[in-house]
Amino acid sequence: MVYEIRAAPTSVAGWVCQGVSWECDRPGGAIVTRLSGEHRAGCSGWLGVVRLDHVSKSYDRGGAVVTALRDVSLSVSQGEFCALMGPSGCGKSTLLHLVAGLDAPTSGEIILGGRSAKNFTDTDWTTIRRELIGMVFQSFHLIPSLTAEENVALPLLLKGEGGSPVRDRVAEHLDVVGMQARAKHRPGELSGGEQQRVAIARALVHRPQVILADEPTGNLDSTRGSEIIALLRSLPKRFGQAIILVTHSPDAARQADTVHMMRDGQLDARAT
Ligand SMILES: Nc1ncnc2c1ncn2[C@@H]1O[C@H](COP(=O)(O)OP(=O)(O)OP(=O)(O)O)[C@@H](O)[C@H]1O
Ligand SMILES: [Mg+2]
């Protein structure tokens, strides 16, 4: 179902939004699955799309409790490119997993599109992960039996799309990450860096509203890594997407609108 929002032209922080339509999972629902009309970041209806409110996460490892996140509050707006940095084990991947609903906070709240994730059903999470969020994991999670192009096509096929528009979109995204020549290869026939590039294409192909990228350039040489960061940098401006990028690279973080430093599960934000 598509609900039309004919907003008056609005200007917030220099960005403009008008005549935006989006698809919700129910009347008045805030889950965005499609965006059309003239939209750029900063429309008030999209601000604060990802929010963590006093989130903590502990794991019980055979009686020993490991606290991965401690009272983390963070807001990432539509159109914001946010970088998350910090030493190994400080909780960066845990934070992304909670935002993607792959795990639940021990306390505090995750809020997506203005709705508390506490109220999400399994169906809500399926829709969100399929259509709203694009994820690039540290381990690539490609499906070994599918070729590169079939892996990249998956998010579109799961949305019920098919035919030549899917083929064109897949080809475009494989090209963007420099993997067009290996489209017919299965993950086992690709290097780690090549698999990572396929995983990036898969995370972007359905134009998700939120991109969660966990060290997406960790296996790439510096030239290819810079190209991927430049691509990510361009997306919020072109499509109003929100990006949370986990990176160890100061060069990559310099491209971000906001850099958050983590240490021992805690966040120390400073705008760049
Ligand atoms: N499923 C789990 N069970 C138990 N402990 C976990 C689990 N997942 C993460 N941890 C612990 O939580 C802490 C944070 O882990 P996390 O993976 O978020 O770190 P990170 O900042 O992403 O590190 P890296 O830069 O090495 O990827 C670590 O001490 C880790 O061992
Ligand atoms: Mg990690």
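This passage describes the surroundings of ligand 1, the packing of helix 3 and two loop residues in a predicted model.

Residues are numbered from 1 along each chain as its sequence is written, and chains are lettered from A and ligands numbered from 1 in the order in which they are written. Because the model is predicted, local features need pLDDT of at least 70 and side-chain atom pairs count only at pLDDT 80 or more, whereas totals for chains, interfaces and linings use all residues.

Ligand 1 is surrounded by Y59, R61, V66, A68, S88, G89, C90, G91, K92, S93, T94 and Q138, a residue being near a molecule if its C-beta atom, placed from the backbone, lies within 6 Å of it. Two or more residues of this shell are given by each of strand 5 (50-61), strand 6 (64-76) and helix 1 (92-99), where helices (H or I, at least four residues) and strands (E, at least two) are DSSP runs numbered from the N terminus. Helix 1 supplies the largest share of the shell, three residues. By class, the shell comprises four nonpolar, six polar and two charged residues (Ala, Val, Leu, Ile, Met, Phe, Trp, Tyr, Cys and Pro count as nonpolar, Asp, Glu, Lys and Arg as charged, and the others, Gly among them, as polar).

The axes of helix 3 (residues 148-158) and helix 4 (residues 164-176) come within 9 Å and cross at roughly 125°; axes are lines fitted to C-alpha atoms, for helices over the stretch in contact, and angles run from 0 to 180 degrees between N-to-C directions. Helix 3 and helix 4 are therefore oblique to each other, since angles under 35 degrees count as roughly parallel, over 145 as roughly antiparallel, 65 to 115 as roughly perpendicular and the rest as oblique. In their contact, A148, E149, V152, A153, L156 and L157 of helix 3 meet V166, R169, V170, H173 and L174 of helix 4, with C-beta atoms, placed from the backbone, within 7 Å. This contact contains eight nonpolar, one polar and two charged residues.

Helix 3 has A148, E149, N151, V152, A153, P155 and L156 as its buried residues (20 or more other C-beta atoms within 10 Å; exposed, 12 or fewer; partly exposed, in between). These buried residues pack against helix 2 (122-132), helix 4 and helix 5 (192-204). Just after helix 3, G160 takes a positive phi of about 90°.

Positive phi values also occur at H141, near 55°, and at R207, about 50°, neither being a glycine. H141 lies in the loop between strand 10 (133-136) and helix 3, and counts as partly exposed because it has 13 C-beta neighbours inside 10 Å. R207 lies in the loop between helix 5 and strand 11 (210-214) and, with 18 such neighbours inside 10 Å, also counts as partly exposed.

Note on methods: Two residues are in contact if their C-beta atoms, placed from the backbone, lie within 7 Å.
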